[in-house]
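Welcome! Take a moment to look at the sequence and the model below, and then we can walk through some of the details together.

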Amino acid sequence: QPHAKKKPQITTAQTSAASTQHQHQHTQKSASSPTTTSFQRRPTFDYESYKRKHGDPRTVPSTTKIRNRTPNQLPSTPTTNTNSMVPTKTTKKAPTTASNFSAGTTPWVVKFLSERPKDALLAIPREFLADGFNLVQLPPIIERIGGSNDPSFPVYKAALRLILNLDHHDDHDDDHSSSNIDPAVQRAAEALYAMVHARYIISPRGLDSVRRVLIRDHNTFGKCPHPSCQGMPLLPYGSKSNEMTNHKAQRYCCNCGNLWEWWDSNIDGCAWGPSFCHLFLLTYGKRDLEGGGG
């Protein structure tokens, strides 16, 4: 029989050396291959080549002119005047004095206030009197005062027209005398003005008007006769504002808290109402009253 060829014997040392060489080759291959997370260095900026191609960015070419555009040089845009259809009237605003506190009201109101100077009622502006919101719930009350129960309120409407001077175009017309006016309408007009007056004085505009009156004369509504109050100015007070009570307006002292009868008053207490004193003190405090004491 022929001699059988023997297979080469691999020793343990050769196996260990081959494994080590294989791992070394794998490591070199991994190190030589680029990875996806590697960062490449960006090319540097060649300033000289950029300057030759685009010019020096640090200098402004002589052909370029830089100037600030004034508002007169801006392009004009067409504008539409929304108030072109509304007639405008330029009037000079008069200073606030004692003679023009009745400005903006009606001749009937001026005459009505001149007959009651001791009450120091305010001249209600015409727009406040003509606003229906300020006349809510008053038509039936005024109609009953005028002696009528007509549901169409003819007496109330006539009284309102009388106050607003809607039937008289001339402010100096003598037709405003009481002899030419129905007594029922005149009585209703006086009651209507008194009740609207109670609503006007508790409005922000009315409170400010009373404050300006007190600044002008602290003793407009009198002084408290109590010795400890040292002449503290009084504030007007009324029992009700939506009903004729046939009681004259009273005076309230915010120092002692007493109510005093005002015998010179010629107006029903509803013209001031029960809320004015408290709202005035909450809004302005006593600073406009304490200066008039003494």
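## Cysteines, salt bridges and confidence

The count of disulfides in this predicted model comes to zero. A disulfide is a covalent bond between the sulfur atoms of two cysteines. Why does Cys 277 have no such bond? Its closest cysteine sulfur, in Cys 254, is 8.8 Å away, and that is too far for a bond. Cys 277 counts as buried because its relative accessibility is 1%. Cys 270 is buried too, with a relative accessibility of 0%.

Let us turn to the charged side chains. How many salt bridges does the structure hold? There are six, and the table shows some of them.

| Salt bridge | Closest N to O distance |
|---|---|
| Glu 115 with Arg 116 | 3.4 Å |
| Glu 190 with Arg 116 | 3.6 Å |
| Arg 212 with Asp 208 | 3.2 Å |

Arg 116 appears in two of these rows, pairing with Glu 115 and with Glu 190. The pair of Glu 190 and Arg 116 links distant parts of the chain: Glu 190 belongs to helix 7, Arg 116 sits in the loop between helix 3 (107–114) and helix 4 (126–130), and 74 residues separate them. Salt bridges also join Lys 111, Glu 115, Arg 116 and Glu 190 into a network.

Are these residues buried or exposed? Arg 116 is buried, as its relative accessible area is 12%. Glu 115, at 42% relative accessibility, counts as partly exposed, and Glu 190 is partly exposed at 23%.

The remaining pair in the table stays within one element. Arg 212 and Asp 208 both lie in helix 8, four residues apart, which is about one turn of the helix. Arg 212 is partly exposed, with a relative accessible area of 27%, and Asp 208 is partly exposed at 25%.

Just before helix 8 comes another residue to find on the model. Ser 203 is in the loop between helix 7 (183–200) and helix 8 (204–216). Ser 203 counts as buried because its relative accessibility is 13%. A polar atom of the Ser 203 side chain lies 2.5 Å from the backbone oxygen of Tyr 200.

Finally, how confident is the prediction? The mean pLDDT of the chain is 75, with 62% of residues reaching 70 or more. Among the elements, helix 6 (residues 154–164) has the highest mean pLDDT, 94, and helix 1 (residues 12–32) the lowest, 58. Over residues 62–101 pLDDT stays under 50, and the model has 14 contacts beyond four places in sequence for that stretch.

Definitions and conventions:
Residues numbered from 1 in each chain as written. Predicted model: local features only at pLDDT ≥ 70, side-chain atom pairs only at ≥ 80, totals over all residues. Heavy atoms only, no water. pLDDT = per-residue confidence, 0-100. Helix = DSSP H or I, 4+ residues; strand = E, 2+ residues; numbered from the N terminus. Contact = heavy atoms within 4.5 Å. Buried < 20%, exposed > 50% of the residue type's maximum accessible area, 1.4 Å probe, protein only. Polar contact = N/O pair within 3.5 Å; in protein donor to acceptor, adjacent residues only side chain to side chain. Disulfide = S-S within 2.5 Å. Salt bridge = Lys/Arg side-chain N within 4 Å of Asp/Glu carboxyl O.
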